[in-house]
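Got your viewer open? Here's a short tour: at each stop, select what's named and have a look around.

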Amino acid sequence: MTGRRQGGASTVLTEAILTTAEREAVESVPTGLFIDGRTRETARTLPVLDPATGARLCEVADAGPEDGLAALDAAAAAQADWARTAPRARSEILMRAHRLLLDDTDRLALIATLEMGKPLAEARGEITYAAEFFRWFAEEAVRLDGGYMPAPGGGARFLVTRQPVGPSLLITPWNFPMAMGARKIGPALAAGCTSVIKPAEQTPLCTLALAQILHQAGVPAGVVNVVTTSDPGAVMTPLIHDPRSRKLSFTGSTAVGKKLLEQCARTVMRTSMELGGNAPFLVFDDADLDAAVEGALAAKMRNIGQACTAANRFFVQRGVLDEFAERLAARMGELPLGRGTEPGVVVGPLIDSDAVAKVTELVADARARGARVLLGGDPLDGPGHFYPATVLVDVPDEAQICHTEVFGPVASIASFDTEEEAVERANDTPYGLVSYVYTEGLRRGLRICEALDTGMVGLNQGVVSNPAAPFGGVKESGLGREGGLVGIDEFLEIKYIGVPL
């Protein structure tokens with residue numbers, strides 16, 4: 001029996017007890033690496049765990065540096081032919097992938113729930129969300145425009161065209177394993193780029209299943225390659241330093257993103273980074289509190305709070321703070337907690353024991369600094385990585401939870417008096433991914449939205465993600481945008497051609 005490798009040691013794991021449907025879903029995913037259109041086995045394997053129990057679901061291939069280079073070899077060899085493939089043909093492949101994902105929603109959602117922990121209803125929503133990226137970029141694939149103009153001084157013409165960047169390295173996180181894969185693979189395929197994808201160690205099955213579907217949709221061998229590994233530094237660093245790699249798209253922590261940017265500087269590789277967040281959620285005294293509470297629930301509890309867009313810091317105008325906090329605590333307290341496959345469950349487990357320890361430490365620090373607990377506040381006993389929905393009020397600005405991405409089901413609430421104070425405290429962070437604002441005043445809403453230092457703002461809504469909208473942040477929350485009209489630009493280079501007359 002093998003275990004998750006940690007510093008050379010091996011932890012003995014129990015086997016997950018699965019229903020027939022769960023076992024069939026897990027066994028339906030090829031567990032080898034996907035390179036050059038074929039499954040590639042490795043000498044070592046990596047266990048995939050159920051976060052609701054800590055037990056082992058299965059094992060997948062654990063790649064080494066030689067496997068990563070083989071994947072890049074395949075991507076580089078396929079690049080020229082894929083770039084020459086007609087945009088309409090690339091579009092049709094993406095549309096087939098869109099339909100295949102939707103037709104297979106139940107199986108794929110079950111896989112996501114088993115390896116990541118989110119409730120089945122949320123997992124089904126993620127599959128639909130992922131499929132929409134394929135449809136959106138299928139439509140964008142046939143709209144790659146350019147330009148033509150006379151030279152200002154005469155005697156020549158300027159042609160402007162856009163071409164694929166080239167072989168791309170895509171690194172995806174564990175919290176939305178299917179959607180983040182589609183959000184990166186979709187524009188890469190549409191633009192004419194081949195890719196090597198490295199999914200998170202905790203959730204490789206979703207990406208392997210996605211590769212299976214893309215192969216079924218008609219993606220040629222070598223165009224999409226998947227490398228699963230427990231040692232991403234050893235596998236990906238040589239690929240980042242290889243001059244054949246021309247693009248890196250990463251979603252993950254700011255700390256890791258900074259290290260990757262340093263590595264990419266060696267070859268001046270094109271990068272896009274979707275990094276950490278510390279989202280403020282502002283509630284003004286003229287807000288519709290019914291809408292604000294429901295929006296807060298969506299912004300905080302989506303994916304058990306394990307989202308870069310999750311509301312971390314709630315700032316509520318003093319006159320409505322008590323009512324808002326009590327109503328939010330009542331709603332969060334109603335949410336059933338359990339394994340994501342159980343009927344009616346809304347709050348599943350966190351991804352691993354480290355996540356539980358982090359949330360526990362942040363809550364304890366806030367309490368020690370004077371925060372009051374309205375709901376939850378203590379980790380749960382028993383198997384799995386569960387933490388209850390928690391609401392803290394009167395949280396002081398010096399508490400660690402105000403400066404750290406929580407990634408858990410904890411709402412941290414503080415009061416404010418003026419617009420200026422709310423904006424100043426909301427912007428008092430090195431992060432700038434998303435903000436949320438609730439007010440019924442149009443002019444106030446526009447003033448606040450324009451003053452907030454974030455790449456996205458939800459005005460009277462608690463969910464901002466949409467394949468048709470540009471997703472991304474400013475400051476230490478990242479570079480570039482995914483989705484929307486500009487999402488495909490991250491995988492295209494502009495070429496100017498001068499023609500004398």
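Start on the outside. Select Val160, Ile494 and Tyr496: together they make a nonpolar surface patch of about 320 Å². Keep in mind as you go that this is a predicted model. Now click on Tyr496 alone, which sits in strand 24, residues 492–500. Is Tyr496 buried or exposed? With a relative accessible area of 52%, Tyr496 is exposed, because the cut-off for that label is over 50%.

Next, head inside. In soluble globular proteins, nonpolar side chains tend to be buried together. Here, the largest nonpolar core has 68 residues. Which of them touch the most other members? Select Leu101, Phe134, Ile185, Leu189 and Leu214 to see them. Then highlight helix 5, residues 120–141: this helix gives the most to the core, with twelve residues.

Stay in that core and zoom in on Phe134. Ignoring neighbours within four places in sequence, Phe134 is in contact with Leu94, Ala97, His98 and Leu101, then Ala182, Ile185 and Gly186, and also Leu210 and Leu214. There is a second, separate core too, with 58 residues. To find that one, pick Ala279, Val320, Leu350 and Val363, which are among its members.

Now colour strand 12, residues 247–251. Five of its five residues are buried, so strand 12 is largely enclosed by the rest of the structure. In a regular strand the side chains alternate between the two faces of the sheet. Try showing the side chains in two colours: Lys247, Ser249 and Thr251 are on one side, Leu248 and Phe250 on the other. Both faces are covered, and all of these residues are buried.

What pairs with strand 12? Add strand 9, residues 168–171: four bridges join strand 9 to strand 12, and the two run parallel. To spot one of the pairings, select Leu169, whose bridge partner in strand 12 is Leu248. Then add strand 13, residues 270–274, which is joined to strand 12 by five bridges, also in parallel. Here, select Phe250 and look for its bridge partner in strand 13, Met273.

Last stop: Asn427, in the loop between helix 13 (419–426) and strand 19 (431–432). Why does Asn427 count as buried? Its relative accessibility is 18%, and buried means under 20%. To see what Asn427 touches, leave out residues up to four places away in sequence and select Ala451, Leu452, Asp453 and Lys475.

Methods:
Residues are numbered from 1 along each chain as its sequence is written. This is a predicted model: local features need pLDDT of at least 70, side-chain atom pairs count only at pLDDT 80 or more; totals for chains, interfaces and linings use all residues. Side-chain values use heavy atoms; hydrogens and water are left out. Patches are made of residues with over 30% relative accessible area and no salt bridge: like charges are joined within 9 Å, nonpolar side chains (Val, Leu, Ile, Met, Phe, Trp, Tyr) within 5 Å. Accessible areas come from the Shrake-Rupley method with a 1.4 Å probe; for residues, only the protein chains shown count as cover. A salt bridge is a side-chain nitrogen of Lys or Arg within 4 Å of a carboxyl oxygen of Asp or Glu. Buried means under 20% relative accessible area, exposed over 50%, partly exposed in between (1.4 Å probe, protein chains only). A nonpolar core is a set of buried Ala, Val, Leu, Ile, Met, Phe, Trp, Tyr and Cys residues joined through side-chain atoms within 4.5 Å. Contact means heavy atoms within 4.5 Å. Two strands pair if DSSP finds at least two bridges between them.
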